[in-house]
Amino acid sequence: MAATSEAPRLAQLGALTQPAFTALLGDTFEHSPWVAERVWPMRPFDDVAHLHRCMWAQVEQADEAQVLALLRAHPQLAGREAQTGTLTEASDQEQHSAGLKSLRPDEMQRIAALNAAYLAKHGFPFIVCVRHYSKAGIFHEFERRLALDTARERDEALKQVAAITRLRLQTLFPDV
């Protein structure tokens, strides 16, 4: 979903078929195309904020199993997907921008241990809007949030998903 010189324009969404719309926006919410599918009938969108509000409303209306699946669809930071090159384009760019694709061996060990502890405690991967933090800040948040109870952490993870997806849409539609 990287913005290019040929970035789509928000106004063009109204003309897209549902498959094309979903193909364009399906990974805004990591591996959760159902969010885009559900907002397709709501076109047109006034601006990126309106599009994001409509998409976020679908998450808020989803049942707990769908929300948990959405959280679990996120990759671990500097995890297996990053190491094997199977991150979505957006996740790859985000992790690279935060320096998570060039960790020192001691940092890799630390993040692997934090990923494992967090997943074991909460049942979903640690999610953070990496564009809002330095590498040191990400490690700090990881440790701080590992101490939260799962209900509070679920809410925090969803706030982070909202921030991530808002930035992804702003990147995809820079003209608005």
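Which glycine takes a positive phi just after α6? In this predicted model, the residue is glycine 99, whose phi is about 80 degrees. A comparable note can be made for helix α7, since glycine 123, placed just after α7, takes a positive phi of about 85 degrees. These two helices make a convenient place to begin, and the packing around helix α9 can then be taken up from there.

Helix α6 covers residues 89-97, and its buried residues are Ala90, Ser91, Glu94 and Gln95. Seen down the axis of α6, these buried residues fall within an arc of 125 degrees, so they line one face of the helix. An α-helix has 3.6 residues a turn, so residues three or four places apart point the same way. The cover over the buried residues of α6 includes α5 (80-84) and α9, whereas His96 and Ser97, on the other side of α6, are exposed. Aspartate 92 also lies in helix α6, and with a relative accessibility of 27% it counts as partly exposed, because the buried class ends at 20% and the exposed class begins over 50%. If its neighbours within four places in sequence are left aside, aspartate 92 is in contact with Leu87 and Lys101. The C-alpha atom of aspartate 92 is separated by 10.0 Å from that of leucine 77, a residue 15 places away along the chain.

Helix α7 (residues 105-122) can be read in a similar way. Its 18 residues, at 1.5 Å a residue, should span 26 Å, and the end C-alpha atoms are 26 Å apart, which agrees with that expectation. The buried residues in α7 are Glu107, Ile111, Leu114, Asn115, Tyr118 and His122, and because they cover an arc of only 105 degrees around the axis, they are on the same side of α7. This buried set packs against α8 (135-146) and α9, while the face turned away from the buried side carries the exposed residues Pro105, Gln109 and Ala120. Of these, proline 105 has a relative accessible area of 64%, and its C-alpha atom is separated by 42 Å from that of cysteine 54, 51 residues apart from it along the chain.

Helix α9 (residues 150-172) has now appeared beside both α6 and α7, and its contacts with α4 and α3 can be described in more detail. Two packed helices are described by the angle between their axes and the distance between the axes. The axes of helix α4 (residues 64-72) and α9 come within 11 Å and cross at roughly 65 degrees, in a left-handed crossing. From α4 the contact draws on Glu64, Val67, Leu70 and Leu71, and from α9 on Arg154, Ala157, Leu158 and Val161. By class, the residues of this contact comprise 6 nonpolar, no polar and 2 charged.

Helix α3 (residues 48-61) packs against α9 at an angle of about 145 degrees, with the axes 10 Å apart, and here the crossing is right-handed. On the α3 side the residues are Val48, Leu51, His52, Met55, Trp56 and Val59, and they meet Leu158, Val161, Ala162, Thr165, Arg166, Leu169 and Gln170 in α9. The contact of α3 with α9 has 9 nonpolar, 3 polar and 1 charged residues. Leu158 and Val161 of α9 are thus named in the contact with α4 and also in the contact with α3.

The loops hold some backbone features that deserve a careful look. Most residues other than glycine have a negative phi, and most peptide bonds are trans. Against that background, arginine 43 and proline 44 are joined by a cis peptide bond, with omega about 0 degrees, and proline 44 is placed in the loop between α2 (34-39) and α3. Histidine 31, which lies in the loop between α1 (18-25) and α2, has a positive phi of about 50 degrees although it is not a glycine, and at 45% relative accessibility it counts as partly exposed. Alanine 78, in the loop between α4 and α5, likewise has a positive phi, of about 55 degrees, without being a glycine; this residue, however, is buried, with a relative accessible area of 4%.

Methods. Residues numbered from 1 in each chain as written. Predicted model: local features only at pLDDT ≥ 70, side-chain atom pairs only at ≥ 80, totals over all residues. Heavy atoms only, no water. Axes fitted to C-alpha atoms, helices over the stretch in contact; angles between N-to-C directions. Helix = DSSP H or I, 4+ residues; strand = E, 2+ residues; numbered from the N terminus. Left-handed = near helix turned anticlockwise from the far one by under 90°. Contact = heavy atoms within 4.5 Å. Nonpolar A, V, L, I, M, F, W, Y, C, P; charged D, E, K, R; others polar. Expected span 1.5 Å × (residues − 1). Buried < 20%, exposed > 50% of the residue type's maximum accessible area, 1.4 Å probe, protein only. Arc of directions from axis to C-beta.
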